[in-house]
Amino acid sequence: QVQLVESGGGLVQPGGSLRLSCAASGSILRLDVMGWYRQAPGKQRELVATITSGGTTNYADSVKGRFTVSRDNAKNTVYLQMNSLKLEDTAVYYCNVRAYDFQVAESFNFWGQGTQVTISS
């Protein structure tokens, strides 16, 4: 099992910045893909950004050029730097990790508890 602890959410004005962190702990497996999803009220959860263990990134079109995902493999931590925040970025942001368990030769998805990001003037 992998436990994910998120931090860094909060309230910020439009145009501002926030940095989210997500630290993985517990039975550390091979953390293949780490990333962030978000869910706004009344909407489905959507991908924001992901990063592989090799550093390949993927972004939703809505955040390209404004958000940057990164990871520290030594700390088993993934980050999301969010700049030029917009009202529509308001959502609960969830950390996600896809990890490979060598013992059972299977991959599993793990989710954080979510952190609220609110953009408001």
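Me: Before we start, what counts as a strand here, and which elements does the protein have from the N terminus on?
Reply: Strands are DSSP runs of E with at least two residues, numbered from the N terminus. This is a predicted model, and its secondary structure comes to zero helices and 11 strands. Read from the N terminus on, the elements are β-β-β-β-β-β-β-β-β-β-β.

Me: Why does the radius of gyration of the protein agree with that of a compact globule?
Reply: The C-alpha trace spans about 50 × 25 × 25 Å along its principal axes. For 121 residues, a compact globule would have a radius of gyration near 14 Å, and the protein agrees because its own value is 14 Å.

Me: What percentage of the residues in the protein is buried?
Reply: A residue is buried when its relative accessible area is under 20%. Among the 121 residues of the protein, the buried share is 41%.

Me: Which strand gives the largest share of the largest nonpolar core?
Reply: This core has 32 residues, and Trp36, Leu80, Met82 and Tyr93 have the most contacts inside it. Several elements give two or more residues to the core, including strand 1 (2–7), strand 4 (30–39), strand 8 (77–82) and strand 9 (91–101). The largest share is five residues, and it comes from strand 9.

Me: Which residues does Met82 touch, leaving aside those up to four places away in sequence?
Reply: Met82 is one of the residues with the most contacts inside the largest nonpolar core. Setting aside residues up to four places away in sequence, Met82 touches Gly16, Ser17, Leu18, Leu20, Arg66, Phe67, Tyr93 and Val117.

Me: How much of the contacts with a separation of 6 or more comes from residues 24 or more positions apart?
Reply: Contact means heavy atoms within 4.5 Å. Counting contacts in the protein with a separation of 6 or more, residues 24 or more positions apart account for 54%.

Me: Is Ser84 buried, partly exposed or exposed?
Reply: Ser84 lies in the loop between strand 8 and strand 9, and its phi is positive, near 50°, although Ser84 is a residue other than glycine. Partly exposed covers the range between under 20% and over 50%. The relative accessibility of Ser84 is 41%, so Ser84 counts as partly exposed.

Me: Where does Asn76 lie?
Reply: Asn76 is not a glycine, yet it has a positive phi of about 50°. Its place is the loop between strand 7 and strand 8.

Notes:
Residues numbered from 1 in each chain as written. Predicted model: local features only at pLDDT ≥ 70, side-chain atom pairs only at ≥ 80, totals over all residues. Heavy atoms only, no water. Helix = DSSP H or I, 4+ residues; strand = E, 2+ residues; numbered from the N terminus. Rg over C-alpha atoms; globule rule 2.2 N^0.38 Å. Buried < 20%, exposed > 50% of the residue type's maximum accessible area, 1.4 Å probe, protein only. Core = buried A, V, L, I, M, F, W, Y, C linked by side-chain atoms within 4.5 Å.
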